[in-house]
Amino acid sequence: MSTGLIILLIVIAAVVVLGAAALTVRGRTRRGGPNLKRRFGPEYERTVALHDGDTTAAERELTERLERHGDLRERPLDGAERQRYADRWTAVQEHFVDSPRQAVAEADLLIAELAAARGYPDGARHEEQLAALSVHHADHVDGYRQVHRVAHAAAGTGTDGTGAGTEEMRSALLGARALFEDLTSAEPGRHRARAGTDRSSPPAATRSHARSHTPWALHRSRPKES
């Protein structure tokens, strides 16, 4: 093989590699900007804030999450599983009255277990589990993040769940409940809806399931100190 032919083949190979790289960059760029904002909603704004307003760095992080977890397919729950999780969440809410600290710790563990049952990374890999949930449940994942933070802060400081601490725990538990209801919903694709968009009324069974949690949220009687 002549030297000229070898050089020509090297040049062609280099052009192919550069072209593939350009297509990859273009694809990532196309997924960024408005598309990422639309997909991640409040999680987009939170990530930008964490990067001190650097949208390029934030979009790079969100794009990496999409690449790692975008193809994840949630494992469906059957009716009996949904009911078991709903009963356990009701127990969490009841425990909040007497022991807010215990309740938020239980909620944190319950959502970690539920997410793993739906096919997400297990709770032992909390940050990776959060990243995967943020791709598919961007509107509500921060509620889980907050209840995890509050649960571990309470455990670390020994707070007894009174005063402002109680309200912080209540707020965290309410936020986490939104993700819990998404993960236990029988409504396909519910988590894909963006905040502020109209959702059709859920089926009667789904509404009944949601009502099982509502009274606790509406009755803000002060929990007993634990």
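## The chain overall

Of the 226 residues in this chain, 39% are buried. Bear in mind that we're looking at a predicted model. As for secondary structure, the chain has 11 helices and 0 strands, so reading from the N terminus you simply get α-α-α-α-α-α-α-α-α-α-α.

Now for the surface and the contacts. About 12400 Å² of the chain is exposed, and carbon and sulfur atoms supply 57% of that area. If you take the contacts with a separation of 6 or more, 70% of them come from residues 24 or more positions apart.

## Where α4 meets α7

One helix pair to look at is α4, covering residues 55–69, and α7, covering residues 126–136. Their axes sit 9 Å apart and the two helices pack at an angle of about 90°. That makes α4 roughly perpendicular to α7, since angles of 65 to 115 degrees fall in that class.

Which residues in α4 and α7 meet? On the α4 side they are Arg65, Leu66, Arg68 and His69. Across from them, α7 brings in Glu128, Ala131, Ala132, Ser134, Val135 and His136. Sorted by class, this contact of α4 with α7 is a mix: 4 nonpolar, 3 polar and 3 charged residues.

## An aromatic pair

Searching the whole structure turns up 1 aromatic pair. Its partners are Trp89 and Phe180, with ring centres 4.6 Å apart and planes at 20°. Planes under 30 degrees apart count as stacked, so this pair is stacked.

Where do the two partners come from? Trp89 belongs to helix α5 (residues 79–98), while Phe180 belongs to helix α9 (residues 163–184). The pair therefore ties together parts of the chain that are 91 residues apart in sequence. As for solvent, Trp89 and Phe180 are both buried.

## Two loop residues

Asp52 is worth a look for its backbone: its phi is positive, about 55°, although Asp52 is not a glycine. For context, most residues other than glycine have a negative phi. You'll find Asp52 in the loop between α3 (42–50) and α4. Is Asp52 buried or exposed? Its relative accessibility is 74%, so Asp52 counts as exposed.

On to the loop between α4 and α5, which holds Arg73. Arg73 has a relative accessibility of 63%, and because of that value it counts as exposed. How many residues separate Arg73 and Tyr120 in sequence? The answer is 47, yet in space Arg73 and Tyr120 are 8.8 Å apart, C-alpha to C-alpha.

Note on methods:
Residues numbered from 1 in each chain as written. Predicted model: local features only at pLDDT ≥ 70, side-chain atom pairs only at ≥ 80, totals over all residues. Heavy atoms only, no water. Axes fitted to C-alpha atoms, helices over the stretch in contact; angles between N-to-C directions. Helix = DSSP H or I, 4+ residues; strand = E, 2+ residues; numbered from the N terminus. Parallel < 35°, antiparallel > 145°, perpendicular 65-115°, else oblique. Contact = heavy atoms within 4.5 Å. Nonpolar A, V, L, I, M, F, W, Y, C, P; charged D, E, K, R; others polar. Phe/Tyr/Trp six-rings, centres within 6.5 Å; stacked < 30°, edge-to-face > 60°. Buried < 20%, exposed > 50% of the residue type's maximum accessible area, 1.4 Å probe, protein only. Areas by Shrake-Rupley, 256 points an atom, 1.4 Å probe, with all protein chains shown as cover.
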